[in-house]
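Trainee: I should be grateful for a close look at one part of this model, namely the place where its two chains meet. Please take me through that part in a connected way.

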Amino acid sequence: MSENPRILVIDDEPVVLDSAKRILNAEGFSVVVASDGESALRILESEAVDIVISDLMLPGISGIEFMEKVQRQDPNLVVMITTGYSTLENGIAALRKGAFEFLPKPFTFEELLSPVMRAARYLALPLSDRVKLPNAEASGCYTLGMESWARVEEDGSGLLGFTQLFLVSIDRIESIDFPDVGGEIRQGGRLVRCTTADELPHDVWSPLSGRVLEINEDVARRAEVSGETPQSRRWLVRVLPADLEKELLNLNPG
Amino acid sequence: MRGRISYKLIAATCAVVIVSVSVFAYFLLSSHQRQLIADVERSANQLSETIKSSTRYDMLLNRPESVHQIISTIGKQEGIEKVRIFNKEGEVILSTDARDIGRLVDKETEECDRCHSADRPLETLPVSERTRIFESAAGVRTFGIINPIYNEPGCSNGGCHAHSEDQKVLGVLDITMPLDAVDRDLRAGQMRLLTFAVLAIVAISLMTYWLVEYIVLKPIGKIVEATQKIAAGDLNHTLEIRTRDEIGKLGESFNVMMGELADAQRQLIQSNKLSSMGRLAAGVAHEINNPLTGVLTYSSFLLKKADEDDELKEDLNVIVRETIRCRDIVKSLLDFSRQSVSEKRPIQVNETIQNAYRIVQNQLAIQKIRVDLQLQEDLPLIEADKNQIQQVLVNLLVNAADATGDDGGVITVRTDVVERPKPDEGHGASDEWVRIRVSDTGCGIPKEQLGKIFDPFFTTKVAKGTGLGLAIAWGIVEKHNGELEVASEVGKGTTFTILLPKADSMAWA
């Protein structure tokens with residue numbers, strides 16, 4: 001939080017630019033806006049920007065293409081994708097391609113703030129950690145974006161949890177909303193929602209679809225997850241995967 | 001169109017009747033005529049023989065006055081024109097017409113020609129050769145008959161103009177009779193027959209017309225009317241034709257066809273409704289999400305800022321809450337409109353039903369609703385997307401629970417197999433379908449609403465749900481080439497029936 005990250009917001013809808021600017025300015029971030037890919041690229045060339053929030057559909061270029069382009073140019077850039085087509089497929093694709101976060105519209109101001117704060121914390125980490133942490137989990141895991149992972153157990157069930165990176169990028173967790181046992185979750189849908197001490201909600205997107213078999217009672221009860229615990233104890237939800245083969249293709253191997 | 005068939009039939013019948021009656025009449029008339037002439041012939045011959053025998057004695061006794069007397073008396077009878085006797089030279093020696101006596105008749109006249117045309121005059125002649133029909137001097141059609149008078153032993157002995165023994169024929173008796181009476185009879189007969197024929201033709205034609213009208217044209221007219229009504233849009237018209245013949249069968253098939261057409265149209269309409277709604281939904285959803293973003297971010301921001309001001313907070317909370325509700329509605333709209341590719345695999349639907357049940361189990365227990373699963377064992381597999389079918393079942397179960405309320409009730413889920421005829425392949429060929437029925441003992445659905453419940457956004461649950469559940473369910477079932485139907489009675493309950501085609505026998509579990 002020591003730095004003051006500069007945020008570039010790109011969207012062809014003025015109201016979206018206005019609201020993002022208003023919110024982020026109020027929290028002390030400096031914001032610059034653009035309404036298409038070309039002007040965004042020009043800004044990126046001339047100014048120092050740390051975080052990019054881009055709509056999935058930009059005039060002339062897709063948000064994902066844009067993201068890949070700028071990430072090639074500056075791998076340290078944090079890019080988040082938002083969209084009015086709040087479909088799960090879009091979110092999953094963006095996360096797989098390296099987006100830091102996926103922001104479905106419409107979002108409340110907290111839902112906008114949450115990933116930005118996480119990004120800020122993430123940027124405050126030493127470079128070596130930034131790369132290492134998402135892969136800190138043992139092999140055999142698959143990750144969706146930077147925040148959640150899935151591991152297939154021998155009995156065919158899937159263990160789902162959030163990454164160490166996610167953990168360090170948020171404030172202390174006060175409570176976690178779990179899905180109901182027996183309920184269904186979808187890949188790219190919400191796995192859990194963590195509410196932190198700074199009153200921000202943080203959604204973790206689920207890496208797999210399936211029926212919820214079990215939730216980690218420990219974590220649920222104590223709502224406190226120490227960074228020291230071995231990864232195997234930091235799972236959140238056990239599911240019976242609905243379509244394992246197909247969905248694993250959407251994830252990145254750990 | 002009706003007119004043309006009638007006219008054709010009547011024309012055909014008339015033609016047949018006219019021809020047959022005419023032929024019949026012709027033969028009848030000819031034979032009648034022949035009969036009459038034969039009668040005249042016979043009676044003429046008899047008369048001629050009678051005259052011969054009654055004058056013979058007087059001839060033998062050479063009493064010409066008596067002969068003349070007899071002949072005159074006979075000649076005066078009605079129906080006889082003239083009686084003459086010729087001698088063998090052709091001289092008229094006796095006649096009822098005095099002017100004839102002494103006249104010579106040429107051998108070549110018709111009456112003489114019969115025998116004298118040969119080299120030697122013929123001595124005998126059959127009756128039919130001895131008759132002739134000619135026009136008399138007065139212009140009347142007349143019948144004539146000659147009868148040879150043969151030589152007998154007594155004749156050559158007589159004292160008068162005795163004939164020599166070697167003469168065979170002494171003379172000829174000639175009788176002529178007018179045919180006007182006969183002709184009158186004939187004509188009368190002809191008239192009668194003609195009248196009869198005409199009446200017969202008319203009667204038969206009319207009868208044919210009425211019969212055709214009643215047996216064939218009336219039912220056909222009904223069918224024509226029905227097809228016209230259908231063309232005008234009224235698909236619920238049924239035909240009332242109950243005869244057991246081919247026309248009755250036509251009527252029956254027609255009704256069956258109409259039923260299927262109405263069904264197919266309903267399905268098509270529903271499908272079109274949903275797909276155009278889907279397209280509309282996707283467009284609207286996307287457009288709305290951006291302005292919603294503005295509203296939601298600012299209102300949630302203000303809510304945060306209204307820290308101490310409780311009243312303001314409350315008001316802002318309403319805005320935030322309702323905007324989030326908008327978001328949910330839009331999200332379900334997008335879910336509904338998404339042409340998601342179903343991943344179809346052979347699945348055992350009984351399992352999917354059990355999964356769906358597990359999901360809603362808790363809620364049902366709270367409402368004290370009992371669930372009765374009557375699932376047929378060894379149910380054939382169906383090609384389906386497990387998740388989507390499950391979604392449909394969960395939706396139906398939730399609806400059933402909502403209809404039942406909190407005072408308990410029973411939801412029954414049954415699975416079995418039904419056979420339905422293949423429409424394209426005629427009799428005998430039929431398909432096996434897996435049938436799932438979800439029945440509840442809830443409040444039922446009024447008849448007027450039954451057609452609307454699968455429409456998007458139709459809901460009877462106030463402030464709960466988006467009204468898209470059944471529309472989505474219907475879309476899923478349709479994408480699986482199945483059918484989703486509902487039957488309900490207010491106050492008694494509702495049954496939803498899902499029909500899904502069996503997976504090919506090549507499928508593996």
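Trainee: How many residues of chain B are in contact with chain A, and how many residues of chain A do they touch?

Mentor: The model is a predicted one, and the description that follows should be read accordingly. In this model, 22 residues of chain B are in contact with 22 residues of chain A. On the chain B side, the elements that each contribute two or more residues are α6 (246-305), α7 (310-337) and α8 (349-366). Of the chain B residues that touch chain A, α6(B) supplies the largest share, with 13 residues. Sorted by class, the side of chain B that touches chain A holds eight nonpolar, eight polar and six charged residues.

Since α6(B) gives the largest share to that side, its packing within chain B deserves attention. Helix α5 (residues 180-231) of chain B packs with α6(B) at an angle of about 10 degrees, and the two axes are 10 Å apart. Because angles under 35 degrees count as roughly parallel, α5(B) is described as roughly parallel to α6(B). The crossing of these two helices, α5(B) and α6(B), is left-handed. From α5(B), the contact is made by V216(B), P219(B), I223(B), A226(B) and I230(B); from α6(B), the residues are I247(B), L250(B), G251(B), F254(B) and M258(B). By class, this contact of α5(B) with α6(B) has nine nonpolar residues, one polar residue and no charged residues, whereas the side of chain B that touches chain A includes six charged residues.

Another helix at the chain B side, α8(B), leads on to a backbone detail. The loop between α8 and β7 (369-375) of chain B contains K368(B). This residue, K368(B), has a positive phi of about 60 degrees although it is not a glycine. Most residues other than glycine have a negative phi. K368(B) is exposed, with 12 other C-beta atoms within 10 Å. The loop between β7 and β8 (382-384) of chain B holds D378(B), a residue other than glycine whose phi is also positive, near 55 degrees. D378(B) is exposed as well, with 7 other C-beta atoms within 10 Å.

As for the partner, chain A comprises nine helices and 17 strands. Buried residues make up 47% of its 254 residues. Chain A also has a backbone feature to note: a cis peptide bond joins K105(A) and P106(A), with omega about -10 degrees. P106(A) lies in the loop between β7 (101-104) and α5 (109-124) of chain A.

Terms used. Residues are numbered from 1 along each chain as its sequence is written. Chains are lettered from A and ligands numbered from 1 in the order in which they are written. This is a predicted model: local features need pLDDT of at least 70, side-chain atom pairs count only at pLDDT 80 or more; totals for chains, interfaces and linings use all residues. Two residues are in contact if their C-beta atoms, placed from the backbone, lie within 7 Å. Helices (H or I, at least four residues) and strands (E, at least two) are DSSP runs, numbered from the N terminus. Ala, Val, Leu, Ile, Met, Phe, Trp, Tyr, Cys and Pro count as nonpolar, Asp, Glu, Lys and Arg as charged, and the others, Gly among them, as polar. Axes are lines fitted to C-alpha atoms, for helices over the stretch in contact, and angles run from 0 to 180 degrees between N-to-C directions. Angles under 35 degrees count as roughly parallel, over 145 as roughly antiparallel, 65 to 115 as roughly perpendicular and the rest as oblique. A crossing is left-handed if the near helix is turned anticlockwise from the far one by less than a right angle, and right-handed if clockwise. A residue is buried if 20 or more other C-beta atoms lie within 10 Å of its own, exposed if 12 or fewer, and partly exposed in between; C-beta atoms are placed from the backbone.
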